[in-house]
Amino acid sequence: MPARHLVLPLGDAARNLATEEVLFRTLAPGHPGLFLLWRNEPAVIVGRHQCVADEVDLSAAGREGIPVIRRITGGGAVFHDAGTLCFSWIVNDAGMGSAFAPLLAQVARALADMGVPARLTGRNDLEAGGLKISGSAQFRSGGRLLVHGTLLVRTDLERMGRLLTPGAAKRRAHGVASVRGRVGNVADLWTPGSSMESLQAALLARCAPDAEPPDADLAPMAGLLAQRKYRSPDWNMDATTAATRTHAKRFPWGGVELRLTVRDGRLCHCRISGDFFSDDGVEALEQRLEGCPAEAGAVRRALDGVEWERIFLGCEAEAMRGFFISAVPGLA
């Protein structure tokens with residue numbers, strides 16, 4: 001049975017992200033799945049494990065009144081405005097592994113209907129005309145799968161370039177000098193006479209033609225979650241702890257940065273950040289290392305039994321183990 005659709009109104013990013021999460025957490029077993037289309041007022045949305053200060057010009061965001069909000073999926077920071085069309089699949093997890101290719105193929109077909117020859121590139125992007133027009137992220141929990149992404153339709157790309165500040169390693173990996181140099185808008189490529197409304201219609205026709213019945217409980221639940229979580233600095237911002245050692249590497253499946261603070265020969269604080277995807281376990285891995293003697297053998301023992309492939313999706317276990325152990329020399 002195909003997924004059913006919901007179209008959320010243009011509005012507050014915190015409210016829309018909360019609505020998406022409520023739908024994800026409450027999807028019933030046996031439900032055919034949901035396909036959402038939604039748009040936000042201007043906002044920067046950062047990945048679950050990113051260090052905000054590394055990814056966003058917070059001074060510029062403050063001057064322009066742009067909220068910075070953390071989502072529950074991994075991946076990189078993105079800019080949303082009314083010209084950005086967001087899409088989400090919420091389904092019961094059938095153990096399909098990476099879900100990007102089969103689901104994004106449906107988006108690519110809808111774009112082809114609009115005259116845009118899009119193709120999947122890398123782990124989670126759609127490109128057309130040599131430029132990125134869409135990025136996606138995914139997350140699993142409680143037997144459910146969330147895959148969501150953005151389509152740059154008429155997004156203010158100059159504003160995006162001012163607000164997003166990814167590291168040099170990520171820019172080099174994509175062969176560009178800036179965010180602005182890598183991205184493009186669908187509206188510059190589609191068939192003349194097309195519109196946001198016709199694009200939405202094409203996506204619904206390809207992905208989920210039938211509507212989901214309304215749920216009176218959804219709005220109050222989403223409002224409460226938006227207030228308690230998505231508008232909370234505790235969720236959106238990072239705790240400020242000075243690190244005595246920073247160890248970073250860019251892998252084919254994403255970047256990882258390890259910030260360690262050493263006091264009296266022990267790791268007293270550990271923060272793992274990056275644009276990687278993870279199903280679970282990042283916080284537990286941080287806790288394994290906190291309190292550990294700052295010595296390679298002790299760190300090696302602390303890492304026994306870590307489910308690397310679950311924490312860093314797409315990684316090679318031994319490579320990740322080596323990355324964490326190599327952070328230790330010189331700490332003590």
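The expected span of a helix is 1.5 Å times one less than its number of residues. Keep that in mind, everyone, as we start with helix α4. In this predicted model, α4 covers residues 100-113, so by that rule its 14 residues should span 20 Å, and the distance from its first C-alpha to its last does reach 20 Å, close to the expected value.

A word on confidence before we go further. The chain has a mean pLDDT of 91, and 92% of its residues reach 70 or more. The stretch to be careful with is residues 168-178, where the pLDDT is below 50; beyond near neighbours in sequence, that stretch has twelve contacts in the model.

Back to α4, then. Which of its residues are buried? They are F100, L103, L104, Q106, V107, A108, A110 and L111. An α-helix has 3.6 residues a turn, so residues three or four places apart point the same way. And what covers those buried residues of α4? The cover includes the strands β6 (84-92), β7 (119-121), β8 (125-128), β9 (131-141) and β10 (144-152), together with helix α7 (196-207). After α4 comes G115, with a positive phi near 85 degrees.

I'd like to pause on one glutamine in that list. Q106 is found in α4, and its relative accessibility is 17%. Why does Q106 count as buried? Because buried means under 20% relative accessible area, and Q106 comes in at 17%. Not counting residues up to four places away in sequence, Q106 touches W89, R206 and C207.

Now for a loop residue. V186 sits in the loop between α6 (168-174) and α7. Is V186 buried or exposed? It is buried, with a relative accessible area of 0%. Leaving aside neighbours within four places in sequence, V186 is in contact with L111, V116, I133, L151, L152 and V153. One of those contacts, L111, belongs to the buried set of α4. For another, L152, the C-alpha atom is separated from that of V186 by 6.0 Å, although the two residues are 34 apart along the chain.

On to the sheets, and I have two for you. One is an open sheet of three strands in the order β4-β3-β5, with mixed pairing. Here β4 and β5 stand at the edges with a single partner strand each, so one side of each has no neighbour in the sheet. The twist averages 30 degrees from one strand to the next.

Where does the mixed pairing come from? Strand β3 (residues 43-46) runs antiparallel to β5 (residues 78-80), joined by three bridges, while β3 and β4 (residues 68-70) run parallel, also joined by three bridges. If you want to find these in the viewer, V44 has F79 as its bridge partner in β5, and I45 has I69 in β4.

In a regular strand the side chains alternate between the two faces of the sheet. In β3 both faces are covered: A43 and I45 on one side, and V44 and V46 on the other, are all buried.

The other sheet is open too, with three strands in the order β11-β12-β13 and antiparallel pairing. Its edges are β11 (245-251) and β13 (266-274); each has a single partner strand, so one side of each is left without a neighbour in the sheet. Direction ignored, neighbouring strands of this sheet are turned by 15 degrees against each other on average. Eight bridges pair β12 (residues 254-263) with β13 in the antiparallel sense, and T261 stands opposite H269 in β13. Helix α13 (residues 317-325) packs on this sheet and touches β11, β12 and β13, its direction making about 160 degrees with that of β11.

Last stop: a helix pair. How do α1 and α8 pack? Helix α1 (residues 13-26) and helix α8 (residues 218-230) meet at an angle of about 115 degrees, with their axes 8 Å apart. Their crossing is right-handed. The α1 side of the contact includes A14, L17, A18, E21 and V22, and the α8 side includes L218, M221, A222, L225 and Y230.

That's my tour. Thanks for listening, and I'm happy to go back to any part of it!

How values were computed
Residues numbered from 1 in each chain as written. Predicted model: local features only at pLDDT ≥ 70, side-chain atom pairs only at ≥ 80, totals over all residues. Heavy atoms only, no water. Buried < 20%, exposed > 50% of the residue type's maximum accessible area, 1.4 Å probe, protein only. Helix = DSSP H or I, 4+ residues; strand = E, 2+ residues; numbered from the N terminus. Pairing = 2+ DSSP bridges. Contact = heavy atoms within 4.5 Å. pLDDT = per-residue confidence, 0-100. Axes fitted to C-alpha atoms, helices over the stretch in contact; angles between N-to-C directions. Left-handed = near helix turned anticlockwise from the far one by under 90°.
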